[in-house]
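User: Please give a close account of the hairpin in this model and of the residues that lie around it. I would like the overall setting first, then the strands, then the individual positions.

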Amino acid sequence: MTAKSIMSFRLVKLKPTDKVCDALKMMYAQHIRNLPVVDENDQFVGLFGIRRLTRLLLPKAAQMNFGLQDLSFMPDETGEMSERLKEVSQRPVSDFLEKKRHLMFCKPSTSLPEVLELLDQSPDTSLPVIVLKGKKKRLVGMVSAWDVVEKMLVNMCEAEATATRGDEAREQGENEEVKES
């Protein structure tokens, strides 16, 4: 089994110039945590995800490297968070893509154990599936932890159904033998 056999082909994609508020609406409507971003030539640019967005809601002091570690003294009012979200909502998603050094992806030929390992190491719950041609990266799908679980569940149910049919056929054969004797 490879990434190609479990990946999602119907992709909801963003353009780098799409606004954060539009991306949020898509994510909410589609129940998607990560959206791939592609350029005008359908080349993969990056990933815009809910994890990055929640970081934007943090106070500036907590967003900095080695910033505040203990935020328990801060009020948990949503007003300031809403203001921070409002500030970034009209900016393009390209300003908030996952950093390339943290971004993981797989190829359609990546084996299931490798996909599982990448998902385990990735800070996100999904991976872009990319076809590399030189420096070009063409997005062909997305694979998530749910895609893996769903495929495993389908395989398990099919195996159980096959075993049940085998048991029923064996019982029917035994019943026919009893009738004949």
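Analyst: The protein, which is a predicted model, contains 7 helices and 4 strands. Read from the N terminus, the order of these elements is α-α-β-β-α-α-α-α-β-β-α. The radius of gyration is 23 Å, whereas a compact globule of 181 residues would have a value near 16 Å. Along the principal axes, the C-alpha atoms occupy a box of roughly 85 × 45 × 30 Å. Of the 181 residues, 31% count as buried. Among contacts with a separation of 6 or more, 57% are made by residues 24 or more positions apart. The exposed surface of the protein amounts to about 12400 Å², and carbon and sulfur atoms supply 54% of that area. As for charge, the protein has 27 positive and 28 negative charges, and the mean positions of the two sets lie 13 Å apart.

The hairpin is built from strands E1 and E2, with 5 residues between them. Strand E1 covers residues 34-38 and pairs with E2 in the antiparallel sense over 5 bridges. Two of the facing positions can be named. Leu35 stands opposite Phe48 of E2, and Val38 stands opposite Phe44 of E2.

Burial is a marked feature of both strands. In E1, 5 of the 5 residues are buried. In a regular strand the side chains alternate between the two faces of the sheet. Both faces of E1 are covered: one side carries Asn34, Pro36 and Val38, the other carries Leu35 and Val37, and all of these residues are buried. Strand E2, residues 44-49, has 5 of its 6 residues buried, and it is therefore largely enclosed by the rest of the structure.

The turn of the hairpin includes Asp42, which is located in the loop between E1 and E2. The phi angle of Asp42 is near 65 degrees, a positive value in a residue other than glycine. The relative accessibility of Asp42 is 29%, so this residue counts as partly exposed. The loop that leads from H2 to E1 holds His31. His31 likewise has a positive phi, near 55 degrees, and is a residue other than glycine. With a relative accessible area of 72%, His31 is exposed; the cut-off for that class is over 50%.

A part of the chain remote in sequence also touches the hairpin. Val93 lies in the loop between helix H5 (78-89) and helix H6 (112-121). Its relative accessible area is 0%, and Val93 is accordingly buried. Beyond its neighbours within four places in sequence, Val93 is in contact with Val37 and Phe48, among others. Val37 belongs to E1, and Phe48 belongs to E2, so Val93 makes contact with residues of both strands. The other contacts of Val93 are with Leu14, Lys15, Pro16, Asp18, Lys19, Val20 and Ala23. For Val93 and Ala23, which are 70 residues apart along the chain, the C-alpha atoms are separated by 7.6 Å.Helix H2, residues 20-30, contains Cys21. Cys21 has a relative accessible area of 18% and is buried, the limit for this class being under 20%. Outside its neighbours within four places in sequence, Cys21 is in contact with Ser89 and Gln90. Ser89 is the last position in the range given for helix H5 (78-89). By contrast, the C-alpha atoms of Cys21 and Glu114 are separated by 34 Å, with these positions 93 residues apart along the chain.

A position in another strand may be set beside the turn. Ser144 is part of strand E4, residues 136-144. At 15% relative accessibility, Ser144 counts as buried. When neighbours within four places in sequence are left aside, the contacts of Ser144 are with Leu119, Thr125 and Ser126. Ser144 and Asp42, the residue with positive phi in the turn of the hairpin, are 102 residues apart in sequence, and their C-alpha atoms are 21 Å apart in space.

Notes. Residues are numbered from 1 along each chain as its sequence is written. This is a predicted model: local features need pLDDT of at least 70, side-chain atom pairs count only at pLDDT 80 or more; totals for chains, interfaces and linings use all residues. Side-chain values use heavy atoms; hydrogens and water are left out. Helices (H or I, at least four residues) and strands (E, at least two) are DSSP runs, numbered from the N terminus. The radius of gyration is taken over C-alpha atoms; the globule rule is 2.2 Å times the number of residues to the power 0.38. Buried means under 20% relative accessible area, exposed over 50%, partly exposed in between (1.4 Å probe, protein chains only). Contact means heavy atoms within 4.5 Å. Accessible areas come from the Shrake-Rupley method with a 1.4 Å probe; for residues, only the protein chains shown count as cover. Lys and Arg count as positive and Asp and Glu as negative; His and the chain ends are not counted. The place of a charge is taken as NZ of Lys, CZ of Arg, CG of Asp or CD of Glu. Two strands pair if DSSP finds at least two bridges between them.
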